[in-house]
Amino acid sequence: MLHHPSDILESVQPYIPQKSSVVYLGCGAIPLTGITLAGHLGAEKLILSDMNQECLDVALSNCQSNLILHKPPIISTCKYNWSDDEGAPSGDIIIASACLYEDDHVEILPKAILRCFPKDKNQIPVILALHEEHPGFSAHYPDMFVRYGLNPIKTFVRVKVIEGERLSTIRIVLMMSSENSD
């Protein structure tokens, strides 16, 4: 079943504070998902995060050159390696899109997401857009997130996209952390 982007926004909106900040994990050089969601959610701040500084530089340049929102968020970057316990950006909403490229990402992504939670909050919305074809996805979803207290609330869409010569399925999911997750 296809859902309109407004369905995603409507479901997430009750959890989003005024003047929110959005963290986009693994943004890459073209952070379209993060820009789009942050803009439509009325975010005050968008933090682009990637472990590759060159990607962050290009992503920031792309945002500054191409952002055409009525009231764009303040955009900053944060170099963050998901395996590190330090240096995680913090925000009111976490977005991760098409970021499970290596098998070990299946285990480290949930931990990286939890490190991005502000110290004074233990429940914030997490929006994931994940490729179902990743070897670890089908074997471990949703257990890989539930184990860390990230619970799927709603699956919005499963879309087929062509990547090169391959057909890929992307699942967009809203998750919330358990009240008692660390």
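1. A good place to start is the largest nonpolar core, which has 27 residues. Leu25, Ile94, Leu109, Ile113 and Phe145 have the most contacts inside it. Here a nonpolar core is a set of buried Ala, Val, Leu, Ile, Met, Phe, Trp, Tyr and Cys residues joined through side-chain atoms within 4.5 Å, and buried means under 20% relative accessible area with a 1.4 Å probe, protein chains only.

2. Which elements give two or more residues to this core? They are strand 1 (21-25), strand 4 (93-97), helix 4 (105-115), strand 5 (125-131), helix 6 (143-146) and strand 7 (166-177). Helix 4 supplies the largest share, 6 residues. Helices (H or I, at least four residues) and strands (E, at least two) are DSSP runs, numbered from the N terminus.

3. A word on the model: it is predicted, local features need pLDDT of at least 70, side-chain atom pairs count only at pLDDT 80 or more, and totals for chains, interfaces and linings use all residues. Residues are numbered from 1 along each chain as its sequence is written, and side-chain values use heavy atoms, with hydrogens and water left out.

4. Have a look at Phe145. Leaving aside neighbours within four places in sequence, Phe145 is in contact (heavy atoms within 4.5 Å) with Leu109, Pro110, Ile113, Leu128, Leu130, Leu150 and Met175.

5. Now for the chain as a whole. Its secondary structure comes to 6 helices and 7 strands, in the order α-β-α-β-α-β-β-α-β-α-α-β-β along the sequence. Of its 182 residues, 47% are buried.

6. Among contacts with a separation of 6 or more, 72% join residues 24 or more positions apart.

Conventions. Buried < 20%, exposed > 50% of the residue type's maximum accessible area, 1.4 Å probe, protein only.
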